[in-house]
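Subject: The protein–DNA model, handed over

Hi,

Here is the structure I promised you. Have a look at it first, and my notes on what turned up follow below.

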2 protein chains.
Amino acid sequence: MKEIDPKRSAVTMVDVAEAAGVSAITVSRSIRRPELVSEEARLRVAAAIERLGYVPDAAASALASKRTDVVGLLVPSLTNSVFSEVLRGIYDAVEETPYSVQIGNFRYSPSGEERLIRTFLRQKPAGMIVAGLDQTDSSRAMLERAECRVVQIMDQGPAPVDLAIGFSHRDGAVSAVEHLLEQGYERIGFMGARMDPRSQRRLAGFTEALKARGLFEARRVVTTPAASTVGLGGQLLGDLLARAPEVDAVFCNNDDLAAGALLEAARRGIEVPRQLGICGFNDLEMSRFLNPALSSVATPRYRIGRGALELLMQVIDAPEEKPEAVDLGTEIKARASTARRG
Amino acid sequence: MKEIDPKRSAVTMVDVAEAAGVSAITVSRSIRRPELVSEEARLRVAAAIERLGYVPDAAASALASKRTDVVGLLVPSLTNSVFSEVLRGIYDAVEETPYSVQIGNFRYSPSGEERLIRTFLRQKPAGMIVAGLDQTDSSRAMLERAECRVVQIMDQGPAPVDLAIGFSHRDGAVSAVEHLLEQGYERIGFMGARMDPRSQRRLAGFTEALKARGLFEARRVVTTPAASTVGLGGQLLGDLLARAPEVDAVFCNNDDLAAGALLEAARRGIEVPRQLGICGFNDLEMSRFLNPALSSVATPRYRIGRGALELLMQVIDAPEEKPEAVDLGTEIKARASTARRG
DNA sequence: TTGGTTAATGATTGCGCAATCATAAGTCAA
DNA sequence: TTGACTTATGATTGCGCAATCATTAACCAA
C-alpha cells in the first residue's frame, strides 16, 4: 500500500540552493522572477530542481508573501445546469493564468454562504467570485472588509460590494412577456420553483410587464420552494391549469420547468403553441431539441464566468481601477413553442 | 472603491491571546482541541475572537502543521454532464467534513493533467481525487510519491495508484450489447466521440461482445476525436448509415450522441425502435423524457463522487487501511428506443 | 583613473501558527 | 502526607519561503 510519512524531510529551497551552488534566494528568484537571474545560475538551479524533484511549498510562500493564487468561487448549486456553464467559463479563463479556483457550494443556504465566506477568507484568496447580490448583512460585511477584490455574478443591481457582472433577471422576464404578447397570448401564467432572489426578480419583471397592460392576474402565478426538475414542471402546469384554466401561455422560471410543462401538455393533449404557449428561461442546450422546440430567454452564462475571472485579473493588475458593473443582457430565442403567429 | 491594503496588520493569535489574558497556544488549542481547555478560558478566548474579528491564517497553520484541509480533484471536463453529478456527490459529502475541495480541469490533456498534479501537490493536499486510471507515467509517479492518499474514480482496472472507485466501462458496454441482442437486433453499430480511455474501453467491450457471437463488423464503428454534443450525434448517425446502411441498432458512447441520433432518425423518417434501436450510455436525466424514451446504461456518478470523498475521509482517519477497489457497477435501463420485443 | 551606474547575488529577518516539551495546579488512593 | 497521576497552561522553537536591505562585480563615461 501507499506509504504516507509526513515526517519525511522534503526537499526545500535550501537543498536546491546547495546542489546548485547558489544561495536560497537565488533559487526563489529564478522561479518567480527569472529575468533577474543570470542565465548560467538559472540553468544550474533548473537542473538541481529537476534532479532533486523540488516542489515549492505553497503554504510557506503564502505565509511569507501574504498572498496566494487561489480564487474563491461561491455558488448556490452545482446541480443546476446554469452554474456548470459559468464554471466552464471561469475554468477556461483561469487556465491562462497562474491562479487556481476553489469552489464552495452553499446550496441556497445563506448561513452556509456565511460559513463558506469565512472559510475562504482564511486562505487570503487573491479574489472572490460570488453568485448573486443578495448576501446576508454579515456576509456582505465580510466581503467588504476582505483583503481581496470581489466579483458578484449572475445579477444586476445597485451597489455591488465591489465588481459585478451579470444580467437583469427582471428585464429578461419582461422580454419574455413582451414576446408572448406579440404572439397574441393575453392570459399568461407564471411557473416558478426555488424562488431564490433571482427568481423573485424574474417574477417581479413578469408581474410589472403584465400590470402595465392591465393583464396581471395573481391566481395565474404558481410557485414552490422545491428545486426545479423536469418532473416538477409537469406538476406545476397541472396546478396552474387547475387554478386558472383560462391561461393561454406560461412563462416558466427556467427551462427544466418549461420542458416538464411541454411534456405534460403533450400528455394532456394540449396543443403547443396553438392552445398554450410555453416560454422558458436560460436556453439550455436541450431546449432547441425538444418537440416543439422551446422558446426561451438566453442568458450569457459562459460569458459571465469568463468575464468574472477576466475582471478579477484586470483589477489585480491595476488595483486602483473599479470598472463599471457589467450588464451582458439577455436575448429571447423565439421557437416553435410560442409560435402562434408567423 | 474597495480598499485593499495587504500591509494592514491583521489580527493574529497573539492579539487574541492578549485580549483574553491567556497565552497564544491556549488560543490555538481552544480552536482546534477545545476539550483540552478549561471552559472559562475557552469562553474568554471565544469572546476575544469575536470582538477582534480574528480569522486564523490558513497558510501559517499549514506551514506549522504540515497539513491542509484541501482535497484536490482533477477532472477532464466540466462541460460533460457526467462530471457535474460526480461533483455534486463530492460536494455533498465534503459538507459534513472540515475539508474543502479544489477542482482542476485538465480538458482531456495529459500534459495539462501533469501540470495540475504538480500545482496541486505544492499545496500538500489532504487527499487527491483523480478521474481515470490512465495517467501518464510521470503523472502516475507524482501521485505515487505524493504525501497524501489518492482516489482514482470513474473506472475499474488493475493496479490503481492507491484507492479506486468506479465501474467497468467494458462491462457496461457488454450489457448494452446483450440487451440489444435480446431485443433481436443483430447488425449493431457503434458511435463514439472523444474516445478517451474510458470510451475506448466501452468500444472494447462492444467489440468483444459481438465478436464472441461472430457479429462484429469493423465498418459499423464510427468514431471522432471531437467532443460529444447532441448535434454531433446526428452527424455520426449519418456517417454510420452511409458506411453501413444495414445496421439495425446503434450503441452510442453516451447519451448526448444517442439523443442526436434519435433526433436524426426522426428527421430521416427512420422508425425507432422498429427499424433502428438506439441505446445510450450514462442515463442522463433528460434521456427518459426523450421521445421515444432513450434506453441507456445507467452509471453511478453521484455515488462515485460521494464514495470517493468518503473513502478518502476513512483512510485519512485510519492511515493503515487500504480498502479494496470499489466497483459500483452499471445498470441497463431498457426503454422505448430499443423496445423491439415486448 | 574616478565616480556613477547597473546587473547579479546574498544575509538576515519574520510571516503566524502548531509541535514539543516543560511546568503548575489540582486530585486521589494508600 | 506522600507520591502518582491528571488537567490546564505556557515557553520555545522552527516550518519554508519572500521582503528588505546590503554587497559585490562589471561596466561605462568623463
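A word on residue classes before anything else: Ala, Val, Leu, Ile, Met, Phe, Trp, Tyr, Cys and Pro count as nonpolar, Asp, Glu, Lys and Arg as charged, and the others, Gly among them, as polar. With that, the surface near DNA strand C sorts into 14 nonpolar, seven polar and two charged residues. Keep in mind throughout that this is a predicted model.

Staying with the DNA, strand C has 23 residues around it, and the closest are S23(A), M13(B), S28(B), A60(B) and A64(B). Helices α2 and α4 of chain A, together with α2 and α4 of chain B, each supply at least two residues of that surface. The top contributor there is α4(B), with five residues.

Now for the other strand. DNA strand D is surrounded by 23 residues, of which M13(A), S28(A), A60(A), A64(A) and S23(B) come nearest. The elements giving two or more residues here are α2 (24-32) and α4 of chain A plus α2 (24-32) and α4 of chain B. For strand D, α4(A) gives the most, with five residues. The class split for the surface near strand D is 14 nonpolar, seven polar and two charged.

Next, how do the α4 helices of the two chains meet? Helix α4 of chain A (residues 58-65) and helix α4 of chain B (residues 58-65) have axes that come within 8 Å and cross at roughly 135°. That angle makes α4(A) oblique to α4(B). The crossing in which α4(A) passes α4(B) is left-handed. On the chain A side the contact is made by A59(A), A60(A), A62(A) and L63(A), and on the chain B side by A59(B), A60(B), A62(B) and L63(B). By class, the residues of this contact are eight nonpolar, no polar and no charged.

Zooming out to the whole interface, 44 residues of chain A are in contact with 45 residues of chain B. On the chain A side, the elements that give two or more residues are α4, α5 (81-94), β2 (100-105), α6 (110-122) and α11 (255-268). That side of chain A breaks down into 23 nonpolar, nine polar and 12 charged residues.

Within chain A there is another helix pair you may want to click through. Helix α1(A) (residues 13-20) packs against α2(A) at an angle of about 100°, with the axes 8 Å apart. That makes α1(A) roughly perpendicular to α2(A). M13(A), V14(A), V16(A), A17(A) and A20(A) of α1(A) make this contact with A24(A), T26(A), V27(A) and S28(A) of α2(A). Its residues divide into seven nonpolar, two polar and no charged.

As for domains, the assignment for chain A gives domain 1 (13-56), domain 2 (65-167 + 301-328) and domain 3 (169-298). The C-alpha centres of domain 1 and domain 3 of chain A lie 62 Å apart.

Finally, some backbone oddities. Most residues other than glycine have a negative phi, and most peptide bonds are trans. Y108(A), though not a glycine, has a positive phi of about 60°, and Y108(A) sits in the loop between β2 and α6 of chain A. The peptide bond from V272(A) to P273(A) is cis, with omega near 10°, and P273(A) lies in the loop between α11 and β9 (277-282) of chain A. In chain B, the bond from V272(B) to P273(B) is cis, with omega near 10°.

Cheers

Technical notes:
Residues numbered from 1 in each chain as written. Chains lettered and ligands numbered in written order. Predicted model: local features only at pLDDT ≥ 70, side-chain atom pairs only at ≥ 80, totals over all residues. Axes fitted to C-alpha atoms, helices over the stretch in contact; angles between N-to-C directions. Helix = DSSP H or I, 4+ residues; strand = E, 2+ residues; numbered from the N terminus. Parallel < 35°, antiparallel > 145°, perpendicular 65-115°, else oblique. Left-handed = near helix turned anticlockwise from the far one by under 90°. Contact = placed C-beta atoms within 7 Å. Near = placed C-beta within 6 Å. Domains from an automatic or database assignment.
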